[in-house]
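Visitor: I have the coordinates open and would like to know how the labels are justified. Could you walk me through a few of them?

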Amino acid sequence: MNPETFKSLTRRHFFKRGAAGIGGAALASMAGERLLAASPPSLAPKAKRIIYLFQSGGPAQQDLFDYKPLLVEKNGEPLPDHVRGGQRLTGMSAQQASIPLAGSHFKFAQHGQSGAWLSELLPHTAGITDKLCFVKSMFTDAINHDPAITFFQTGSQIAGRPSMGSWLSYGLGSENENLPGFIVLVSAGQGGQPLYSRLWGNGFLDSKFQGVRFRSGKDPVLYLSNPDGICRTGRRAMLDKLSVLNRVQFERELDPEIESRIAQYEMAYRMQTSVPEVTDLGGEPESVHRLYGEDSRKPGTFAANCLLARRLAERGVRFIQLYHQGWDQHDNLPGAIRGQCLETDQASAALVRDLEQRGLLEDTLVIWGGEFGRTSYSQGKLTKETYGRDHHPRCFTIWMAGGGVKPGISFGHTDAYGYNIADADGIPIPADKHIYTPGAVHVHDLQATILHLMGIDHTALTYLHQGRRFRLTDVHGHVVNELLG
């Protein structure tokens, strides 16, 4: 009997329609799927937890990490046809009379023993380059924000799949019984492309694996506090009675979501104590606030969220997802990207330094990056003062630190125009998710590598749903061994 069919039957109907032996087999099938979280990782893990600093909107790699002096030299000239190679453009720039190359307005320099090139916009990141692993040859399938972000977070452009944090919670469980294993922090007051809760949703996995969003302000988790007139003792008594009723319902319906509901009520009760403690940054010393910057004193800022992420990591939270919006710079990029870097550069570097000082960086994987890159040509009018950049999925840069990645390297190359992934000599190479090409890193390759660092074989972390075994990397993905320390 199909487990999904079995779940929908009451016990009375079940015994009418099937013998006990068949029922036992169905229960075993259900248990096999649900007990995966209790299984040990199939690989030796190098990381115990992840802090993912997602930069929503697509940071322009040419203005931050990917130094392209040829763009400055040829500023204003049309993008050569042979470089574009017939690539589709978005509707925002496809109708332009010309697509002029846009050189960065910002100075670049090499930093650290690794000699990594960084823009003047990132002075704090420049100070930790020897701790970072830059991946300059990322590529993705999607050219628009919503499917591109969804793809990074869930492995599919179509909404409804489990997020990466949910997959890890399902596969590895939680290390702290008083906090969720998957917590989400979104910078407050940022404009830009909208973020939806499905990006940290559980999809078809059990609801206990979904991400829990912490907000700034008096109540970090909605509806966690007791209503007026309800004391903690009264809430405990209510939950005990509710648990009895839910277990009666479970015995009748055998729906595992009822057990998840009970567990979530209990987690919420414990979080009434644990959440106020972990979200109170007032006890952090002045030296820590100086490290992260003055914004770390303001709840909801990217800096405050980075500091909170460190506190959550200390307490064993498995996956901490930060979102910072505002990198979608189709026009006025020089001014806008400067502001974004002022908000994020110091805190991002501080997080890496802080984790290292506390002995946490070795087994904490920090990831920084967006959903795609930006074009080497200007969207809209190019002037001496300003330019914009459209979406570009063909090549872009992210960085990682700690958690078993190789520090002090820049992996991958792009051509002299910063338009295509290239070999070490600058000759473009084909990038195809169906055929693994050394030097090119597809989103599924990155996901496979992240799971590998967490001790999971990405091909083995699956879930049976609607007759098919799904996984984060779909039917693609290769571990990029060159990134491993």
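**Strand β7 and its neighbours**

Guide: Gladly! In this predicted model, F319, Q321 and Y323 point one way from β7, while I320, L322 and H324 point the other way, and all are buried.

Visitor: What makes β7 largely enclosed by the rest of the structure?

Guide: Buried means under 20% relative accessible area. In β7, residues 319-324, 6 of the 6 residues meet that mark, so the strand counts as largely enclosed.

Visitor: How do you know that β1 and β7 pair?

Guide: Pairing takes at least two bridges found by DSSP. Between β1 (residues 49-55) and β7 there are 6 bridges, and the two strands run parallel, so they pair. One example is I51, whose bridge partner in β7 is I320.

Visitor: And what joins β5 to β7?

Guide: There are 5 bridges between β7 and β5 (residues 182-186), again in the parallel sense. V186 stands opposite Y323 of β7.

**Helix α7**

Visitor: Why is α7 called largely enclosed?

Guide: The same kind of reasoning applies. Of the 10 residues in α7 (residues 145-154), 8 are buried, so the helix is largely enclosed by the rest of the structure. Among them are H145, F151 and F152. After α7 comes G155, with a positive phi near 85 degrees.

**Confidence**

Visitor: How many residues score at least 70 in pLDDT?

Guide: That is 91% of the residues, and the protein averages a pLDDT of 89. Over residues 1-38, however, pLDDT stays under 50. For that stretch the model has 45 contacts beyond four places in sequence.

Technical notes:
Residues are numbered from 1 along each chain as its sequence is written. This is a predicted model: local features need pLDDT of at least 70, side-chain atom pairs count only at pLDDT 80 or more; totals for chains, interfaces and linings use all residues. Side-chain values use heavy atoms; hydrogens and water are left out. pLDDT is the predictor's confidence in each residue, from 0 to 100. Contact means heavy atoms within 4.5 Å. Buried means under 20% relative accessible area, exposed over 50%, partly exposed in between (1.4 Å probe, protein chains only). Helices (H or I, at least four residues) and strands (E, at least two) are DSSP runs, numbered from the N terminus.
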